[in-house]
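Trainee: Could you walk me through reading a few features of this model?

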Amino acid sequence: MSATAKPKTDVDAVLAALADPARRRAVELLGEAPRRAGELAELLALPAPAMSRHLRTLKESGLVAETHPEFDARVRVYALNSERLGDLKDWLAKAERGWSDQLASFARHIQKKQAAKRK
């Protein structure tokens with residue numbers, strides 16, 4: 001890692017996972033209900049190996065959790081981890097507050113300049 005490079009944050013991992021349209025759609029589908037990998041693959045018209053790779057990325061980011069039903073440990077059911085989306089929402093709200101503060105400060109600066117020109 002270079003001297004200027006920063007370590008990857010939790011939000012970075014979430015944003016990286018959501019960078020792919022298929023993974024975003026999978027998150028949307030999992031927001032409706034938990035689903036099996038095969039069901040997701042079918043709904044997204046993806047081959048099983050591709051869906052598996054996408055689910056691995058989503059699990060590594062913490063956006064998705066994998067469970068196994070008691071009746072059949074071979075079946076994997078995936079569910080959305082809404083806490084991780086909450087982390088992203090918190091980060092976005094903080095970023096928005098920063099931008100809003102900067103824009104408000106800029107607006108005050110412009111108003112002062114315009115008032116000074118009128119004098």
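**Reading the fold**

Mentor: Gladly! Let's start with Trp91, which lies in helix α5 (residues 82-118). Helices (H or I, at least four residues) and strands (E, at least two) are DSSP runs, numbered from the N terminus. This is a predicted model, where local features need pLDDT of at least 70, side-chain atom pairs count only at pLDDT 80 or more, and totals for chains, interfaces and linings use all residues. Residues are numbered from 1 along each chain as its sequence is written, and side-chain values use heavy atoms, with hydrogens and water left out.

Trainee: Is Trp91 buried, exposed or partly exposed?

Mentor: Trp91 counts as partly exposed, because its relative accessibility is 40%. Buried means under 20% relative accessible area, exposed over 50%, and partly exposed in between (1.4 Å probe, protein chains only). Together with Leu15 and Leu92, Trp91 forms a nonpolar patch on the surface, with about 270 Å² of accessible area together.

Trainee: Which residues of helix α1 are buried?

Mentor: A general idea helps: an α-helix has 3.6 residues a turn, so residues three or four places apart point the same way. In α1 (residues 10-17), the buried residues are Val11, Val14 and Ala17. They sit on the same side of α1, because they cover an arc of only 130° around the axis.

Trainee: Which helix gives the largest share of the largest nonpolar core?

Mentor: In soluble globular proteins, nonpolar side chains tend to be buried together. The largest core here has 18 residues, and among those touching the most other members are Leu18, Leu40, Met51 and Val64. Helices α1, α2 (21-32), α3 (37-44) and α4 (48-61) each supply at least two residues of this core. The largest share, four residues, comes from α2.

Trainee: What is the strand order in the open sheet?

Mentor: Strands of a sheet pair through backbone hydrogen bonds, either parallel or antiparallel. This open sheet has three strands in the order β1-β3-β2, with antiparallel pairing. The edge strands β1 (35-36) and β2 (64-67) each pair on one side only. Two bridges join β1 to β3 (residues 77-80), with Arg36 partnering Val77. Four bridges join β2 to β3, and Val64 has Leu80 as its bridge partner in β3.

Key:
Arc of directions from axis to C-beta. Patch = residues over 30% accessible without salt bridge, like charges linked within 9 Å, V, L, I, M, F, W, Y side chains within 5 Å. Areas by Shrake-Rupley, 256 points an atom, 1.4 Å probe, with all protein chains shown as cover. Salt bridge = Lys/Arg side-chain N within 4 Å of Asp/Glu carboxyl O. Pairing = 2+ DSSP bridges. Core = buried A, V, L, I, M, F, W, Y, C linked by side-chain atoms within 4.5 Å.
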